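This briefing covers the core packing, the helix geometry and the backbone outliers of one chain. Please look over the sequence and the coordinates before reading the points below.

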Amino acid sequence: MYMVEEKKNSAKGKNVSNELSSLDTGQALESFLKALQRGHSDEIVQLFLEDQARNLFPKGGDTLKWLTDNIGKKATTKLIMAFARLECFNCKNGLRQCENCDGTGQFDYEMVCESCLGLASVPCDFCGGSGWASIDCIPLGLRLVVFGVRLESAEKQVESMLEERLPNLSEEKATAVFNKCVDSLFDLNRQISVLESTVGIELDMIEVPVNLEGQVSKITRKCVLVAVRGEKRLGEIIEAMIAACKLQSESEEKGSKMQKFVAARTKFYSALLNARPQFAGTYLEHPFLNEAAKRLIPNKDLDTRTQDGNEA
Ligand SMILES: [Zn+2]
Ligand SMILES: [Zn+2]
């Protein structure tokens, strides 16, 4: 498309490529602003990526400043939000059905499926369970700010989940408590996965301007600190699930399929909780965060991680 326009312009006797590119950039900006006004995220995202690919929009560390200068702060924020909220094309909310057990969570009611921890769903491989488009889909020049927005939102969500009370066995049936715990576990683990993918950006940031390098380590540090608190809560949720299973086991008929499954679950979740490091080898373990924690945060600042590290 760029080539076609170049020919058309030179035929009219217009000259020099610099002028041509700024003329095209001007037109592209105009169309882009219209798309922003229409407000359809898919269109905004696609158009921006196309214009970057045609070298009409910059890709470097000055992209954000260039955008603010050319389309204003409000429109730039709209663009950032469109990328920050771009969903993973492979899953819904970071989860997909477990293939290992065909989404049943068990084998013959005697064994808990280890892949999904008996919960029928597993985090999506593509987005690492964050539910958001992976870094390859986020344009160069915007990665840092997009992941910053995701971090901020994940932090808020983790904080609000920590304020919520866990479902109570004296108020509700064991099955209802268990199911609510599973929802909370997945919600929280999704936010921790967002933090983990944010820690990973350091490796994928092809160009971080020197003045932003400090910001990257600040982001990483924040991710680790929020994750530590979230992971502690994951443990508490599993404790509540074990308690619910024990109670459920009492009410199920002895020797029945359900009683067997509930007993298997109780044993499985207890082992999970006692593993060191906690959740080792399961999708609840977040190795990038653990690595970043070791690298960035002195041991005395960490609660659960320090314990894990010492016991390992
Ligand atoms: Zn499974
Ligand atoms: Zn996904």
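The points that follow are grouped by topic.

The model is predicted, and local features are reported only at pLDDT of at least 70. Its largest nonpolar core has 69 residues and lies between two domains, because domain 1 (2-84) and domain 2 (143-311) both give residues to this core. Helix H4 (63-84) has a kink of about 115 degrees, whereas the span of H3 agrees with the expected value.

**Nonpolar core**

- Within the largest nonpolar core of 69 residues, the members that touch the most others are Phe83, Leu195, Cys223, Ala227, Met241 and Leu289.
- Two or more residues each come from helix H2 (17-38), helix H3 (41-53), helix H4 (63-84), helix H5 (143-163), helix H6 (174-199), helix H8 (210-251), helix H9 (257-274) and helix H10 (287-296).
- The most residues, 14, are given by H8.
- Which residues does leucine 289 contact, leaving aside its neighbours within four places in sequence? They are Leu195, Glu196, Val199, Cys223, Val224 and Ala227.

**Helix H10**

- Phe288, Leu289, Ala292 and Ala293 are the buried residues named in H10.
- Seen down the axis of H10, these buried residues fall within an arc of 135 degrees, so they line one face of the helix.
- In an α-helix there are 3.6 residues a turn, so residues three or four places apart point the same way.
- Exposed residues Pro287, Glu291 and Arg295 sit on the face of H10 turned away from its buried side.

**Helix H3**

- The end C-alpha atoms of H3 are 18 Å apart, which agrees with the 18 Å that its 13 residues should span at 1.5 Å a residue.
- Ile44, Val45 and Phe48 are buried in H3.
- Their directions from the axis of H3 fall within an arc of 95 degrees, so the buried residues line one face of the helix.
- Turned away from that buried side is a face of H3 that carries the exposed residues Asp42 and Ala53.
- Asparagine 55, just after H3, takes a positive phi of about 60 degrees.

**Helix H4**

- How far apart are the end C-alpha atoms of H4? They span only 16 Å, against 32 Å for a straight helix of 22 residues at 1.5 Å a residue.
- The kink of about 115 degrees in H4 is centred on isoleucine 71.
- Buried in H4 are Thr63, Leu67, Thr76, Leu79, Ala82, Phe83 and Ala84.
- Of these, Phe83 is also among the residues that touch the most other members of the largest nonpolar core.

**Backbone outliers in loops**

- Asparagine 93 has phi near 55 degrees, a positive value in a residue other than glycine.
- Asparagine 93 is placed in the loop between H4 and strand S1 (95-97), and counts as partly exposed with 18 C-beta neighbours inside 10 Å.
- Leucine 117, also not a glycine, has a positive phi of about 60 degrees.
- The loop between strand S3 (111-112) and strand S4 (121-123) holds leucine 117.
- Is leucine 117 buried or exposed? Leucine 117 is buried, because 24 other C-beta atoms lie within 10 Å.
- The peptide bond from arginine 276 to proline 277 is cis, and its omega is near -10 degrees.
- Proline 277 lies in the loop between H9 and H10.

Key. Residues are numbered from 1 along each chain as its sequence is written. Chains are lettered from A and ligands numbered from 1 in the order in which they are written. This is a predicted model: local features need pLDDT of at least 70, side-chain atom pairs count only at pLDDT 80 or more; totals for chains, interfaces and linings use all residues. A nonpolar core is a set of buried Ala, Val, Leu, Ile, Met, Phe, Trp, Tyr and Cys residues joined through C-beta atoms within 7 Å. A residue is buried if 20 or more other C-beta atoms lie within 10 Å of its own, exposed if 12 or fewer, and partly exposed in between; C-beta atoms are placed from the backbone. Helices (H or I, at least four residues) and strands (E, at least two) are DSSP runs, numbered from the N terminus. Domain bounds come from an automatic or database domain assignment. Two residues are in contact if their C-beta atoms, placed from the backbone, lie within 7 Å. The arc is that of the directions from the helix axis to the C-beta atoms. The expected span of a helix is 1.5 Å times one less than its number of residues. The bend at a residue is the angle between axes fitted to the seven residues ending there and the seven starting there.
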